[in-house]
Amino acid sequence: MENPHAERQAVLLERILKNASVCTEMIVELNHCVEEILRANSSVKIAADLASKYRKNVQYNLEATR
């Protein structure tokens with residue numbers, strides 16, 4: 001005699017696995033998009049770092065000339 005709960009559990013487990021697979025695919029796609037954004041923004045980050053260092057140097061020189 002088959003267990004009716006086992007059949008229902010198998011169906012639920014199949015749905016869970018399918019949803020987990022879809023979720024994993026979406027996370028992989030999201031990671032790919034984030035990597036593209038980071039690559040696109042790398043020049044902006046470099047410019048921001050340079051501007052920050054320039055500001056610190058200017059501040060230092062202003063303090064030194066007082």
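This report walks through the helices, caps, salt bridges, surface and cysteines of a predicted model.

**Helix α1 and what sits at its start**

Let's begin with α1, which covers residues 4-40. The helix has 37 residues, and the distance from its first C-alpha to its last is 55 Å. At 1.5 Å a residue you would expect 54 Å, so the computed span is close to that figure.

At the N-terminal end of α1, the cap is N3. This residue belongs to the segment before the helix, and a side-chain oxygen of N3 lies 3.0 Å from the backbone nitrogen of H5. N3 itself is partly exposed, with a relative accessibility of 44%.

Further along α1 comes A20. How far is its C-alpha from that of Q9, eleven residues away along the chain? The two C-alpha atoms are separated by 16 Å. As for its surroundings, A20 is partly exposed, at 38% relative accessible area.

**A nonpolar patch**

Which residues make the nonpolar surface patch? They are L13, I16 and L17, and the patch they form amounts to about 310 Å². One of them, L17, is located in α1. L17 counts as exposed because its relative accessibility is 53%, and the cut-off for that label is over 50%.

**Helix α2 and its polar contacts**

Now for the other helix in this account: α2 takes in residues 42-64. S42 is part of α2, and the side chain of S42 comes to 3.0 Å from the backbone oxygen of R39. Since R39 falls within the residue range 4-40 given for α1, this contact runs from a residue of α2 to a residue of α1. Is S42 buried or exposed, or something in between? At 37% relative accessibility, S42 is partly exposed.

**Salt bridges**

How many salt bridges does the model have? The count is two. In one, K45 pairs with D49, and the closest N and O atoms are 3.1 Å apart. Both partners are in α2, four residues apart, or about one turn of the helix. In the other, the side chains of E63 and R66 meet at 3.8 Å, N to O. The cut-off for a salt bridge is 4 Å, so the E63 and R66 pair qualifies.

What about exposure of the partners? K45 is exposed at 53% relative accessible area, whereas D49 is partly exposed at 36%. In the other pair, R66 is exposed, with 77% relative accessibility, while E63 is partly exposed at 42%.

Here are the side-chain contacts described so far, with their distances.

| Residue | Partner | Distance |
|---|---|---|
| N3 side chain | H5 backbone nitrogen | 3.0 Å |
| S42 side chain | R39 backbone oxygen | 3.0 Å |
| K45 | D49 | 3.1 Å |
| E63 | R66 | 3.8 Å |

**The cysteines**

Finally, the sulfurs. A disulfide is a covalent bond between the sulfur atoms of two cysteines. How many disulfides turn up in the whole structure? A search finds zero. C23 is in no disulfide, and the nearest cysteine sulfur to its own, that of C33, is 15 Å away. Looked at from the other end, C33 is also in no disulfide, with the sulfur of C23 as its nearest, at 15 Å. Why does this pair not count? A disulfide needs the sulfur atoms within 2.5 Å, and these are 15 Å apart, so C23 and C33 are not joined.

Neither label of buried or exposed fits these two cysteines: C23 is partly exposed, with a relative accessible area of 45%, and C33 is partly exposed too, at 32%.

Terms used:
Residues numbered from 1 in each chain as written. Predicted model: local features only at pLDDT ≥ 70, side-chain atom pairs only at ≥ 80, totals over all residues. Heavy atoms only, no water. Buried < 20%, exposed > 50% of the residue type's maximum accessible area, 1.4 Å probe, protein only. Patch = residues over 30% accessible without salt bridge, like charges linked within 9 Å, V, L, I, M, F, W, Y side chains within 5 Å. Areas by Shrake-Rupley, 256 points an atom, 1.4 Å probe, with all protein chains shown as cover. Helix = DSSP H or I, 4+ residues; strand = E, 2+ residues; numbered from the N terminus. Polar contact = N/O pair within 3.5 Å; in protein donor to acceptor, adjacent residues only side chain to side chain.
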